[in-house]
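This report describes a protein chain from its overall fold down to selected residues. Please consider the model shown here before reading on.

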Amino acid sequence: MFYDITEKDVCESGYARKTRNVSTKLKNEIKDSYKIPPVYRNNFTIDHFIPLSLGGTNDARNLWPQPIIGLKYGSNEKAKADTWLFNQVCEGDMSLEEAQNRILEDWVLVFQQCCELETAYMSKEYDDALSL
């Protein structure tokens, strides 16, 4: 599933952007394989389960239709978890292999540990500022 990618590779500026290459045809094939009816397809984005920024590939086995709306933990939350893990790797606080394993094991748990409290705090801080 993963190429011979290192921390140095993924932390290079623009790495994920240079690597991204998923055709519309493949995106539609992924949605077909998950049997998503055409009427609901715009509610999903095709996501890299292991993000490119953590050495994931554009292979169909690493792509899945991620709900954009309707779930507590959707594409925005996964993106925050991906970014947090990427920063951990590039700051030398976590190995690339560990980051990949954490996404595979439970990306929602990663989000809860890294970002959920911060998001709640920021929301409360915003609400408090509005009440002044």
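Along the sequence, the protein chain follows the pattern α-α-α-β-β-α-α. Its secondary structure therefore comes to five helices and two strands, where helices (H or I, at least four residues) and strands (E, at least two) are DSSP runs numbered from the N terminus. The model is predicted, and local features need pLDDT of at least 70, side-chain atom pairs count only at pLDDT 80 or more, and totals for chains, interfaces and linings use all residues. Residues are numbered from 1 along each chain as its sequence is written, and side-chain values use heavy atoms, with hydrogens and water left out.

**Overall packing**

Of the 132 residues in the protein chain, 37% are buried; buried means under 20% relative accessible area, exposed over 50%, and partly exposed in between (1.4 Å probe, protein chains only). Among contacts between residues at least 6 apart in sequence, 63% join residues at least 24 apart, a contact being heavy atoms within 4.5 Å.

**Disulfides**

A disulfide is a pair of cysteine sulfur atoms within 2.5 Å, and by this rule the count comes to two. With bonded cysteines counted along the chain, the disulfides follow the pattern 1-2, 3-4.

One disulfide joins C11 to C90, with an S to S distance of 1.9 Å. Because C11 lies in helix α1 (residues 7-11) and C90 in helix α4, this pair ties together parts that are 79 residues apart in sequence. The torsion about the S-S bond of C11 and C90 is about -100°, so the disulfide is left-handed. C11 is partly exposed, at a relative accessible area of 29%, and C90 is also partly exposed, at 31%.

The other disulfide is formed by C114 and C115, whose sulfur atoms are 2.2 Å apart. This link is left-handed, with -80° about the S-S bond. Both of its cysteines are buried: C114 has a relative accessible area of 12%, and C115 has 9%.

**The largest pocket**

The largest pocket has a volume of about 330 Å³. Of the 15 residues that line this pocket, the closest to its centre are R20, P51, S53, A79 and D82. Pockets are found on a 1 Å grid over the protein atoms alone: a pocket is an open set of points where a 1.4 Å probe fits, with protein on both sides within 12 Å along at least five of seven lines, and lining residues have an atom within 4 Å of a point. Grid points are joined across faces, edges and corners, and the volume is the space filled by probe spheres set on the points.

Which elements supply at least two residues each of the lining? They are β1 and α4 (75-90), and the largest share, five residues, comes from α4. By class, the lining divides into six nonpolar, six polar and three charged residues. In this division, Ala, Val, Leu, Ile, Met, Phe, Trp, Tyr, Cys and Pro count as nonpolar, Asp, Glu, Lys and Arg as charged, and the others, Gly among them, as polar.

**Loop residues**

Two of the loops are illustrated by the residues below.

| Residue | Loop | Relative accessible area |
|---|---|---|
| K35 | between α3 and β1 | 70%, exposed |
| I36 | between α3 and β1 | 8%, buried |
| S53 | between β1 and β2 | 18%, buried |
| T57 | between β1 and β2 | 3%, buried |

In the loop between α3 (24-33) and β1, K35 has a positive phi of about 55° although it is not a glycine. Leaving out residues up to four places away in sequence, I36 touches K31, R41, F44 and P65. I36 and P65 are 29 residues apart in sequence, and their C-alpha atoms are 8.8 Å apart in space.

The loop between β1 (44-48) and β2 (63-67) holds T57. A polar atom of the T57 side chain lies 3.2 Å from the backbone nitrogen of D59. S53 belongs to the loop between β1 and β2 and is one of the residues closest to the centre of the largest pocket. Beyond its neighbours within four places in sequence, S53 is in contact with V10, A16 and F86.

Note on methods
Polar contact = N/O pair within 3.5 Å; in protein donor to acceptor, adjacent residues only side chain to side chain.
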